[in-house]
Amino acid sequence: YIRHHEGHETSNASKRAFNITATSLSMTLAWSIFYSIRWFLAGLRVVNYDSMTLSVIVALVASVVSFVIIFALDKMADNSKVEADASGNLEAAIRKIIGAVGIMIGFSWEQSFDLAVTN
């Protein structure tokens, strides 16, 4: 009983560690995408953007890029090889990334609206 119980605790601890790691890495990816888009668009200097216009353009581009990423990841998660993964970790990681990218979309629009209210 003790051995089974200890093995069960290790399993729960490893699942928690996986969830924390996957969430942290997926949020890091989402923030990296967001600031990469912002940095790229600010560096173009094709049009003299004020901060408000840049913020809205970043939100629009982030939404389009995120749609493409989410669409591709969803197709990948629906793949039979991913579903056949015995541990389910791969599909869970893909779903966490999709969630983080969705949060990034919300944050980009929130920054635009916040800037609009303050100006």
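**Close-up views of a predicted model**

**View 1. Serine S55 sits in helix α2.** Helices here are DSSP runs (H or I, at least four residues), numbered from the N terminus. This is a predicted model, in which local features need pLDDT of at least 70, side-chain atom pairs count only at pLDDT 80 or more, and totals for chains, interfaces and linings use all residues. Residues are numbered from 1 along each chain as its sequence is written, and side-chain values use heavy atoms, leaving out hydrogens and water. With a relative accessible area of 4%, S55 is buried (under 20%; exposed is over 50%, partly exposed in between; 1.4 Å probe, protein chains only). Leaving aside residues up to four places away in sequence, S55 touches R38, Q111, S112 and L115 (heavy atoms within 4.5 Å).

**View 2. The largest nonpolar core has 11 residues.** Its members are A30, I33, F34, I37, L41, L54, V58, A62, A100, V101 and M104. Such a core is a set of buried Ala, Val, Leu, Ile, Met, Phe, Trp, Tyr and Cys residues joined through side-chain atoms within 4.5 Å. Helices α1 (2-44), α2 and α4 (89-118) each contribute at least two residues, and α1 gives the largest share, five.

**View 3. Confidence varies along the chain.** Mean pLDDT (the predictor's confidence in each residue, from 0 to 100) is 81 for the protein, and 82% of residues reach 70 or more. Among the elements, helix α2 (residues 51-77) has the highest mean, 90, and helix α3 (residues 80-83) the lowest, 66. Over residues 1-7 the pLDDT is below 50, and this stretch has zero contacts beyond near neighbours in sequence. Where pLDDT is low, please do not read the predicted coordinates in detail.
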